[in-house]
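Reader: Before the structural terms are accepted, I should like each one to be set against its criterion. Please justify the wording step by step.

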Amino acid sequence: MTTQTILPVDAARISELSQAGGEPVWLKDSRLKALELAAALELPKLEKTRLDRWNINNYGSHKAGASLASLAEAPSSVAALIAGQEEGSLVIQRNSGAVYTHLSPELAAQGVIFTDLATAAKEHGDLVQKHLHKAVLPDEHAIAALHAALWNGGVFLYVPKNVVIDTPLQAILLTDDAEATFVPHILIVADTNSSVTYVDNYVSDKTESGLHNGAVEVFVGAGAKVQYASVHQFGTDTTDITYRRAVVENDGTIEWIVGEMNYGDTASDTKSVLKGNGASSDAKVIAVGSGSQKLNYTTQAQHFGKNTPSDMITRAVMRESATSIINGVTKIEKGATRADGQQTEKVLMLSPKARGDANPILLIDEDDVTAGHAASVGQVNPEQIYYLMSRGISRHDAEKLIIYGFLAPVVSQIPLEGLRNQLQTLVERKLGQ
Amino acid sequence: MAAEFVIEGLKATIEGKEILKGINLQMKGGEIHAIMGPNGTGKSTLASALMGHPKYEVTEGTALLEGEDLLEMAVDERARAGLFLAMQYPSEISGVTNSDFLRSAINSRREEGKEISLIKFIRQMEAKMKELEMNPEFLHRYLNEGFSGGEKKRNEILQMMMLDPKIVILDEIDSGLDIDALKIVAEGVNAMRSPERGFLVITHYQRLLNYIKPDFVHVMMQGRIVKSGGPELAERLEAEGYEWVKEELGIEDETVGQEA
């Protein structure tokens, strides 16, 4: 069966927008080419998920937000996230474009670039062009192609060789106008032996249905270390499709920390390509599903380099009638000797209507490797609830303890205290507590 | 006021099968009652039914603690009303530390805004753990996870000490304990004896009763209390076994609810 992709925009409009935005010609061409691909490509095939039945066509139209003169003007929906960030390096996208960018002068002096991607494409064209769409390729499927044709705002972070940044850089990506196209692209380039932590938050504040078609590309240079933390907390009416991908060179390290706290349907794919020898990847995903959410979370590690360790952990709690498909794919290519790929997926279901599927997949084309997986799907044990209640703890609090206990092995490993607390709060909110 | 605990006509079933066939028992604060009996006579069912285990259905009867019927309450309300059950098989709960668990339990008895301070709680818990000769690291271990049988039992007694209940049921607290651990556990229980608190000690060995001296001893068979007496009854059971009781009462099979 072939489903014709309905294009939300035509080539003339893309050219017009590109021109109006003052984009370089290569970028306009890249968008037009991607649009052509989008017309020809199919939707991605997700395990046990019919994406074609999801609400994924609400691209809306381009609406640039007015720049904020200061953080005090930021919408209230993100106020809590930016509290105390006046000095910090921060990019805020609202709907189709950036409304605030700030890079601390110390980092700027070290040659760090941190701005919205649209601006970076104009000011640092070579650097952007060299990496844009090189990890998530537009020809993979219709979603990626449409993303490449339509991306807006976004974040560009470049960390020069040997620069080590201690304080996390942050971004907030907000959609609060259902009519506005919201397709942010995050591009991070960490040069040789650099080190950086980046944290972003995806937020919505609207009641009509909308779509986030997002892509994240991280290029980790030799010996570099990137810690990428992402928290998605879109409301019920936003469908979220996100592809995250890191390409890691020799002895580089990528660490993903993902909090899937959306209220709407979500498909995400977080993948590390361990290209260089000694490259390593660690991915931690925690998710809470509620209402009638349909969820499909994939983590992947692909090993090309020798001596490459990867570890992926997903823990998901499903309540009400949320449905989740959780996939872990460890792929070890021929020649990736002494690679070590580990993965664990666990789902805890809180109601009889909640569903969870854990699919660990190991694809190994090399003999000299170690790999392992563990997966489990289960309900809260009534004996445990009884035991806790027998000490006076209410059912509500007993469930809470058990759920946090389930998430604790991942949450406790999150190296950023602020993020850990934020996730804790979001988990509480999603659990209705 | 000394706790008064009155069980009347308690019947309970599991999966439709009646295990408790009308239990009557009266206890007052300061008293220690022992329930003895061979395996399969309904002793542990009595403990579980009183606490409100979801597997058991109470079909008749009342269990009044200071005039309030526990059987009308949810499990957590029973606990907050003053009932404590030291379980034979405590659950293991991963990711929840012993201290987080116990602090939640203590705070569940307090009003919002009047929670126990962390430092006060830790001091109390450490002091009680010392009494029970528990390694302080058990504070931060996940609840019962990887605990040995004896460690679990001590952890039950620790909870009892921290929660200060009015009526304590000890369900086979001696099973799986060596003699040293048994002594420590018994000392913990004896330290908790007070005119305000009653104990119901379930065991099928008299051994425990050498360390926790009961005031009253009840024998359970066929889902009922068939004989009651003073401490001398336990001693006779230890010396002569249960056969004489069966003969005296004309009981052939003392068990209840088991498939033939």
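The exchange below takes up the strands, the helices, the interface and the backbone in turn.

Author: This is a predicted model, in which local features need pLDDT of at least 70 and side-chain atom pairs count only at pLDDT 80 or more, while totals for chains, interfaces and linings use all residues. Residues are numbered from 1 along each chain as written, chains are lettered from A and ligands numbered from 1 in the order in which they are written, and side-chain values use heavy atoms, without hydrogens and water.

Reader: Why are β3 and β10 of chain B called paired?

Author: Two strands pair if DSSP finds at least two bridges between them, a strand being a DSSP run of E with at least two residues and a helix a run of H or I with at least four, each numbered from the N terminus. Strands β3 (residues 32–36) and β10 (residues 198–203) of chain B are joined by five bridges in the parallel sense, and therefore meet the criterion. Within this pair, A34(B) has V201(B) as its bridge partner.

Reader: What makes β6 and β12 of chain B the edge strands?

Author: The open sheet has six strands in the order β6-β9-β10-β3-β11-β12 (chain B), with mixed pairing. Strands β6 (83–86) and β12 (224–229) of chain B each pair on one side only. Neighbouring strands are turned by 20° against each other on average, direction ignored; such axes are lines fitted to C-alpha atoms, for helices over the stretch in contact, and angles run from 0 to 180 degrees between N-to-C directions.

Reader: Which strands does helix α1 of chain B touch?

Author: Contact means heavy atoms within 4.5 Å. Helix α1 (residues 43–51) of chain B packs on the sheet and touches β3, β6, β9, β10 and β11 of chain B, with its direction at about 140° to that of β6(B). Helix α5 (residues 149–163) of chain B lies across β6, β9 and β10 of chain B, at about 165° to β6(B).

Reader: How is the buried area between chain B and chain A defined, and what is its value?

Author: Buried area is the accessible area (1.4 Å probe) that two parts lose on being put together, summed over both. For chain B and chain A the value is about 1,900 Å², of which carbon and sulfur atoms give 64%. D76(B), M87(B) and I93(B) supply 23% of the area that chain B buries against chain A, more than any other three residues. The contact takes 31 residues from chain B and 17 residues from chain A.

Reader: How do you know that R391(A) and E156(B) form a salt bridge?

Author: The term requires a side-chain nitrogen of Lys or Arg within 4 Å of a carboxyl oxygen of Asp or Glu. The side chains of R391(A) and E156(B) meet at 2.5 Å, N to O, so the pair qualifies. The count between chain B and chain A is one salt bridge.

Reader: What makes the phi values of E66(B) and N162(A) notable?

Author: E66(B) has a positive phi of about 50° although it is not a glycine, and lies in the loop between β4 and β5 of chain B. N162(A), likewise a residue other than glycine, has phi near 65°; its place is in the loop between β4 and β5 of chain A.

Reader: How do you know that β1 and β2 of chain B pair?

Author: Nine bridges join β1 (residues 4–14) and β2 (residues 17–28) of chain B in the antiparallel sense, so the requirement of at least two is met. A12(B) stands opposite L20(B). In this hairpin, which has two residues between the strands, E15(B) takes a positive phi near 45°.
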